[in-house]
Structures are given as structure tokens and as C-alpha cells.
Amino acid sequence: MSAPKGPTLVTIPPELCRFVLESLSSRDVIALRLVSRAFYNYFTSEEVCHYAHKLYFPLSSECGKKQRTRQDFDAAYFRSMNWKQGRPSHVEVIEKVARASTSLSNGFLVDSNQNLLVYQRSRGVIVLKDLSRPVDGAAADTVITLGNELGECIMKRSESILLRDGESIRMSTNRGMLLVVGEAHVHPQPQEGRNHQAVAGEGSSFFSWLNWAWGTSSPPLPPRTFFQHPHSLCAVFSTRPQDRGKLLHTWLERDSFIIETALNEFYAIAEFDLVEQRLEGYIFPKPGKSSSKLNKRFSFTSTISQQTDGAEAGHHFTIRKKALYPQPSSFSIAPDTRGKVFYLGFLPPSTDRRPVVEVHAVPQFSPVDGTWSECSVIKRVVLRSLGLFPGITNGLTRSSFWVDFDDGTTVRNLKRSKVGPSGKFAWDPDEDVVRLRMKGDLGIPGITEEGESVNMVTWVITARPSPIQPSTISEWRNGREWAMIPDNIIHDSNASPHANENGEIDYEDVYPTPTYYTRPRDLQRFVNQLEPLPLGVELDTLEGANESGNYPPYLWVKNQEKINNKVYALFSKMSPGMLVLDSEVDASERHGKMFVEDLSKDIVYPPVPGVNDGDFRPPGLLMKTKYKVELEVGRKIAVRDAQPAKQAPKKGKSRFLGRVRDDHAYASVDDSLTPSEGGIVELPVPGFNEAPRDRVLTRMDILNKKFWVYGKEPEVRRKGEVLEEPIGDRIIIVRFD
């Protein structure tokens with residue numbers, strides 16, 4: 001047979017091959033290498049592999065490279081295949097874990113952006129474990145001993161609340177920062193007549209920090225109110241590779257920490273006091289001005305707490321959440337990426353289920369007069385959907401609702417859907433945005449089927465301020481939308497308060513597009529009917545285009561012995577077209593209608609946004625639960641490495657992690673039981689105790705598909721045997737790379 005004339009698949013320029021790749025899958029690319037030597041050389045070339053990796057794995061960490069290689073493509077392909085099939089390549093069991101860590105929502109953390117696992121080995125000993133490298137080449141862990149770094153105050157216990165070791169120190173991480181908060185406690189009241197210097201020097205460097213706080217070299221003993229009022233010590237450490245484990249900031253807050261946090265490299269906002277539910281914000285000192293000493297604000301006397309700090313000393317601000325916002329409400333907060341704003345979302349207790357998102361301007365320091373601006377609302381958005389509250393779920397109970405933010409990001413990193421209305425404006429790729437999730441059972445007449453519900457609705461909100469200053473939250477609750485309405489809007493009935501100075505309106509910013517995630521109410525029964533993620537489906541590509549979405553939390557299913565032995569990650573697929581309000585029925589019934597064709601002529605926005613638009617529902621996207629990825633535990637599996645072998649601690653200091661920077665020593669140890677070469681290893685079940693939990697703390701690397709991490713609670717009994725000693729908390733790292 002004569003050779004074909006003209007260009008062939010393996011002779012066309014690589015830049016044209018990318019159009020061919022759009023019709024193939026990553027699995028096809030690997031298969032084409034087996035056709036012939038020419039095909040092998042072509043489909044392993046750097047140019048083709050660069051285009052293939054960019055197309056099939058748009059969310060992976062290698063995307064930061066300017067040029068991706070064959071090694072990058074092959075690594076991403078094989079770990080994705082392993083992950084889809086639930087076929088681990090390694091299993092690590094971390095034995096030394098603080099008690100109760102694995103059952104607490106922030107007991108251990110996984111930062112997928114940095115491939116980092118953060119957990120407490122014991123109370124006050126935090127381990128930063130790098131998951132970015134293969135097991136056999138992993139660097140030693142970075143260990144932070146809080147007592148050495150922060151003194152005894154961080155290790156003090158509360159006298160009124162009995163917390164276990166893993167619950168005592170709370171943690172949060174984001175954007176290369178790790179926030180730790182100790183228990184609220186009081187210090188022993190000093191006895192009269194004792195030597196003040198001796199008292200101040202007892203126990204730790206804590207009182208030396210207080211000396212600095214009062215700005216004198218030999219201050220008097222701290223005021224009596226300090227000893228009588230509970231306070232929590234807060235600190236921020238770096239998790240960035242270049243200075244991982246370094247102490248950056250410390251400060252004190254009154255009362256006890258609750259749960260909510262918003263953290264970035266510019267500020268930390270956290271919720272304190274179970275009764276008052278205050279949001280306490282701390283703006284970090286300017287770079288280069290950081291100090292391990294406590295902030296000046298630490299004093300419970302009004303004189304010191306009202307002092308104005310300079311930019312070098314950081315700044316505190318407070319939002320009295322419970323006093324200002326409607327109760328009972330579900331709340332969430334999230335940071336931005338630039339330190340200019342933060343997001344506050346709440347769900348008022350009303351039947352129409354309309355979440356509200358406020359964008360708050362973070363206080364800024366003015367070098368002109370040496371003062372800080374106030375924390376103020378620069379935007380308020382009431383989010384709308386077609387969802388109707390059904391009232392009864394599963395025929396028995398009323399469904400609960402709550403809202404939750406993803407961490408703030410930018411338009412470029414959010415990878416918004418290519419489907420749907422884009423509004424009048426093209427969003428700046430570097431503009432700050434955030435995604436809010438509302439969870440709970442809703443129904444959409446004409447869309448949700450019997451036994452099915454909309455279990456989650458999401459919206460994307462920009463940090464862009466409104467053209468007009470919104471009212472305060474107190475005024476808004478009394479029916480006032482804006483702080484001051486300009487005369488041109490008052491006298492012009494066709495003028496919208498959302499129009500910019502040019503009279504233009506970004507409809508997508510005013511009416512954010514809802515995305516509806518539907519699923520059957522009885523999910524555990526339905527999970528058997530879900531389709532395993534096909535090997536040829538490029539989930540990364542679909543997620544990168546927002547045409548598929550992960551449905552948190554991960555679902556654990558029990559076997560006949562009532563033991564959690566399977567965990568599922570659930571994924572939805574976008575339905576074609578969009579959901580709009582059906583104009584043929586009463587708007588109060590909110591029937592949905594699906595349009596598949598071009599929507600540009602079908603979407604009709606209110607003529608004057610912000611005026612008489614209460615019944616308007618923006619068009620939305622529909623996601624239906626379709627795929628599952630399964631990991632079965634409690635079985636023996638063949639992995640690259642198999643027999644557990646304890647790694648000996650490294651002696652001396654490593655070249656990178658062991659050296660001292662800024663008087664901080666980075667410890668080099670490894671607590672994991674790391675598999676060695678060849679064979680079979682058991683994949684542990686999550687465990688159980690006397691009161692089995694239905695939910696298991698689970699984390700997954702969505703971006704790279706490298707690992708799946710879950711907690712194993714202490715075992716006090718096993719079927720058919722009696723334990724002489726309880727097995728404590730453990731963390732299981734299942735690797736796919």
C-alpha cells in the first residue's frame with residue numbers, strides 16, 4: 001500500500017492538532033501512542049502534550065507553568081485515571097493525632113492549592129505535611145510547637161468548658177496563612193503583697209508581651225480586669241513554601257472563639273462569644289513591621305481599647321452580628337484577595353429563602369491624619385431564585401437551610417460558565433468575586449420531579465461597590481435600601497439606583513445568576529443508581545468550564561454491619577439551556593421553564609432595576625446529580641508501596657526545613673506510617689465509637705486528584721473482639737499519584 005499523499009494526523013502542525021484533540025479524550029491520546037512509532041513520537045511531543053494538558057486538565061497545579069511537558073501530561077492522566085477508578089497508589093496512616101481531631105470540622109485541614117495537610121499531633125503541636133510530592137520523595141514535615149512559639153497563654157485551659165485536645169486549639173487556613181486560636185481562659189488573680197516583678201516573670205513570656213503593650217520598660221501589674229475576664233490568644237503562621245512555619249502575627253481577643261473565620265494575608269476575621277456572636281477583625285501590621293509581640297489593643301480597660309493604632313501596629317474592628325442582624329439567621333463570612341473588602345452573607349428567617357450578601361469595606365489607614373476609616377457596607381445584594389420552600393421533606397420534617405461561602409477569588413480563577421447571561425459588562429479577570437452556597441430542600445414546579453429537590457443553589461457576587469451607598473443594616477431592616485438617594489433618581493421615575501455614572505447597568509451584577517443543584521431526597525438509596533464517572537469523561541474540562549460541579553459534602557454509606565465502608569464524591573452535569581420564570585403562569589407560583597436555544601432574545605430584565613422588581617427571578621443554570629466517584633475502604637488493595645514501615649526521624653537539620661530563619665527553627669520529623677516497596681495494604685474504615693457518626697470528616701484534592709484524606713475516630717469496640725486498649729484518632733491519606 002502506498003503512503004498517503006498530503007497531510008495526515010501525525011504530520012499536521014501541533015497548533016492544528018489541538019482542534020483534533022477537542023474531539024478526543026485524554027484516554028484517546030494515550031491509545032493513539034500505540035498505533036505506530038510515528039504516532040508515538042507525535043503524541044509524546046512537547047507541543048502536543050502541552051495542548052493536551054491545557055485542554056484536559058485545566059485546573060491542575062501544572063497550569064501555572066508556561067510550557068507543560070509530556071511528564072506533566074502523563075502524571076495528570078495517570079493520577080486522574082487512578083482517582084476515577086478508586087485505585088490508590090499509596091496509603092499513609094498517621095497514628096499520632098490529637099484526640100477528637102478527626103470529628104471536628106476544623107480538626108484537620110487540607111489546603112488543595114498548596115497540597116498541604118494541617119493537623120495537631122498532640123495539643124499545641126501542629127504539623128504541616130507537604131502532600132505535593134510522592135511518598136518516597138516527600139520532604140519532612142514542618143512542626144510548630146505553639147508553647148515554644150507563643151508561651152503558656154496559648155496552652156491555658158478554660159475552667160468552664162471541658163474540651164478535648166483536638167478541640168482546644170482551633171485552626172483555619174487560606175492563601176498561605178494559618179490561623180490558630182487558643183481556648184478562652186483567665187489567669188490566676190495575683191495575691192496582694194506579692195512582688196510584682198516576680199509575678200510578671202512567672203511561667204512564660206506572656207507578661208513580657210503585656211509590658212510592651214503598655215509601652216513602658218517597667219510597667220505596673222496589669223489591671224485586675226485582665227485576670228477576671230476570659231480571653232483567647234490568636235496567632236498567624238505562614239504556610240508558604242519559602243517560610244513555612246514562621247510566626248507572623250499575634251494578638252488577643254476577648255471571650256471564646258466560635259467557628260466562623262475569614263482569613264487572608266491582610267486580615268483575620270473570626271467570630272467570638274457564643275452569646276454576643278461578635279465578628280472581631282484584626283488588620284495585620286504592614287509588611288516589615290510584624291512583631292511576635294502582642295498588639296497594643298490588648299487591655300480590657302476602655303482607655304487602652306479605644307486607642308488609635310498606627311498602620312505599623314495593626315488595627316481591630318468589631319461587628320456585633322447578633323445585635324444587628326435578624327435572628328435566627330444562618331451566617332457565613334469570606335475574605336477577598338486584596339485586603340480591601342470582606343463578604344458577609346446571611347439568610348433571614350423568611351419563607352421565600354432569599355439570602356443577602358453584604359460587601360464590607362475593610363478599615364484603611366490614612367497617613368495624613370493617622371486615623372483608620374470605619375468598616376462600612378459598600379454593596380448589598382438580595383439573591384433570588386425560583387425555588388419554593390416545600391415545608392415538608394421526606395414526608396415528615398421541615399428542611400433546615402444554611403448559607404456558606406467559598407473562599408474569595410478572582411474572575412480569572414473562578415472559571416465562570418461559558419453558558420448563561422453575561423450582563424452588559426465584561427468582568428475584569430482580576431476582579432474579586434465570591435461564590436455563596438445556600439443548602440436545603442427547595443422545589444421548582446415544572447422542573448423538580450417527585451422525590452427530587454433542589455438541594456443547593458449557588459450565586460457569584462462581585463466585590464464591586466454599588467453606585468449609591470447602601471443603608472446600614474439597621475436601616476435596611478426598617479425598609480430603607482440606600483443611605484441617600486440622589487435627586488436625579490428621586491425626580492426621574494426611569495432612573496435606576498444601580499446605574500453607573502454613564503447610565504449603564506450590569507444586570508448580572510444586580511441579579512446574580514442562580515445555579516440549581518438537584519438530587520433525590522433519599523440520596524443513599526439513589527447513589528446506587530448513579531453512573532460511575534466514565535473514564536472518557538474529562539471531568540476537569542467540564543469543571544473548568546463550570547459545566548459540572550462537585551457536590552459537597554462527601555457521602556459515606558454503611559454496609560450491612562452498619563460500618564461506613566464506601567465514600568462517594570458526587571458530581572453534577574449541566575443541563576442545556578437555562579431556567580427562566582414561566583410567563584404563562586402566575587409569577588407567585590414560580591414555575592420554571594427550560595430554554596435550549598439562544599437566550600439573548602428570551603431574557604427580559606426589569607425596565608428599572610431596583611424599582612418595583614420584587615417579583616423578578618433571574619435566569620438560572622440547572623445541574624443534575626449524575627456521576628459518582630467511589631472509594632471503598634475496609635479492604636486490602638494492591639499499591640505501589642505496601643508494608644507499613646516506621647520512618648526514623650532525620651538527624652540534624654535539613655538543607656531547607658532545618659535551617660533557622662529569623663530565630664525560628666523548623667523541625668524535621670515524620671509521624672506517618674509510610675508504605676514501603678511492593679505488596680498489599682489495608683485501607684482502614686473510618687472507625688466508630690459508642691455513638692457512631694453518620695458524617696465522616698473527609699477532604700479531597702479536587703484540582704489535582706492526588707489525594708483523598710479522611711479521619712478515623714477512636715475505636716473502643718470491634719465486632720467479634722475486645723480491645724484491650726482503645727485505638728486513638730488517626731488520619732488516612734489515600735494517594736493516587
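In helix α4 (residues 46-56), V48, C49, H50, A52, H53 and Y56 are buried. The model is predicted. Its protein has 18 helices and 40 strands. Of the 737 residues, 54% count as buried.

**Helix α4 and its cover**

- The cover over the buried residues of α4 includes α1 (14-21), α2 (26-32) and α3 (37-43).
- Also among the covering elements are α5 (70-84) and α18 (539-544).
- An α-helix has 3.6 residues a turn, so residues three or four places apart point the same way.
- The buried set in α4 includes V48 and A52, and also C49 and H53.

**Cysteines**

- The structure holds 0 disulfides.
- C17 is in no disulfide, and the nearest cysteine sulfur, that of C49, is 9.9 Å away.
- Why does C49 form no bond with C17? The closest cysteine sulfur to that of C49 is the one in C17, and at 9.9 Å it is too far for a bond.
- C17 is buried, with a relative accessible area of 1%.
- C49 also counts as buried, at 1% relative accessibility.

**Overall fold and surface**

- Take the contacts between residues at least 6 apart in sequence: 69% of them join residues at least 24 apart.
- The protein exposes about 34,200 Å².
- Carbon and sulfur atoms supply 50% of that exposed area.

**Strand β19 and its partner**

- Strand β19 covers residues 376-382, and 5 of its 7 residues are buried.
- That makes β19 mostly covered.
- Strand β16 (residues 356-361) pairs with β19 in the antiparallel sense.
- The pairing of β16 and β19 runs over 6 bridges.
- Which residue of β19 is the bridge partner of V359? The partner is K379.

**A four-stranded open sheet**

- Four strands form an open sheet in the order β2-β3-β4-β5, with antiparallel pairing.
- β2 (108-111) and β5 (142-145) stand at the edges.
- Each edge strand has a single partner strand, so one side of each is left without a neighbour in the sheet.
- Neighbouring strands of this sheet are turned by 20 degrees against each other on average, direction ignored.
- Strand β4 (residues 125-130) and β5 run antiparallel and are joined by 4 bridges.
- I126 stands opposite I144 in β5.
- Strands of a sheet pair through backbone hydrogen bonds, either parallel or antiparallel.

**Salt bridge E265 to R175**

- The count comes to 33 salt bridges.
- One of them joins the side chains of E265 and R175, at 2.9 Å from N to O.
- E265 lies in the loop between β10 (257-263) and β11 (267-272).
- R175 lies in the loop between β6 (170-174) and β7 (177-181).
- The pair therefore ties together parts that are 90 residues apart in sequence.
- E265 is partly exposed, with a relative accessible area of 28%.
- R175 is partly exposed too, at 35%.

**Salt bridges to strand β22**

- R338 and D432 meet through their side chains in a salt bridge of 3.3 Å, N to O.
- This pair links distant parts of the chain, 94 residues apart.
- R338 sits in the loop between β14 (330-335) and β15 (341-347), and D432 in strand β22 (residues 432-442).
- Is D432 buried or exposed? At 6% relative accessibility, D432 counts as buried.
- R338 is partly exposed, with a relative accessible area of 45%.
- D406 forms a salt bridge with R437, and the closest N and O atoms are 3.0 Å apart.
- D406 is in the loop between β20 (402-405) and β21 (409-410), while R437 is in strand β22.
- The two residues are 31 apart, and the pair links distant parts of the chain.
- D406 is partly exposed, with a relative accessible area of 22%.
- R437 is buried, with a relative accessible area of 13%.

**A salt-bridge network**

- E92, K129, D141, R735 and D737 are joined into one network by salt bridges that share partners.

Key: Residues are numbered from 1 along each chain as its sequence is written. This is a predicted model: local features need pLDDT of at least 70, side-chain atom pairs count only at pLDDT 80 or more; totals for chains, interfaces and linings use all residues. Side-chain values use heavy atoms; hydrogens and water are left out. Buried means under 20% relative accessible area, exposed over 50%, partly exposed in between (1.4 Å probe, protein chains only). Two strands pair if DSSP finds at least two bridges between them. Contact means heavy atoms within 4.5 Å. A disulfide is a pair of cysteine sulfur atoms within 2.5 Å. Accessible areas come from the Shrake-Rupley method with a 1.4 Å probe; for residues, only the protein chains shown count as cover. A salt bridge is a side-chain nitrogen of Lys or Arg within 4 Å of a carboxyl oxygen of Asp or Glu. Axes are lines fitted to C-alpha atoms, for helices over the stretch in contact, and angles run from 0 to 180 degrees between N-to-C directions.
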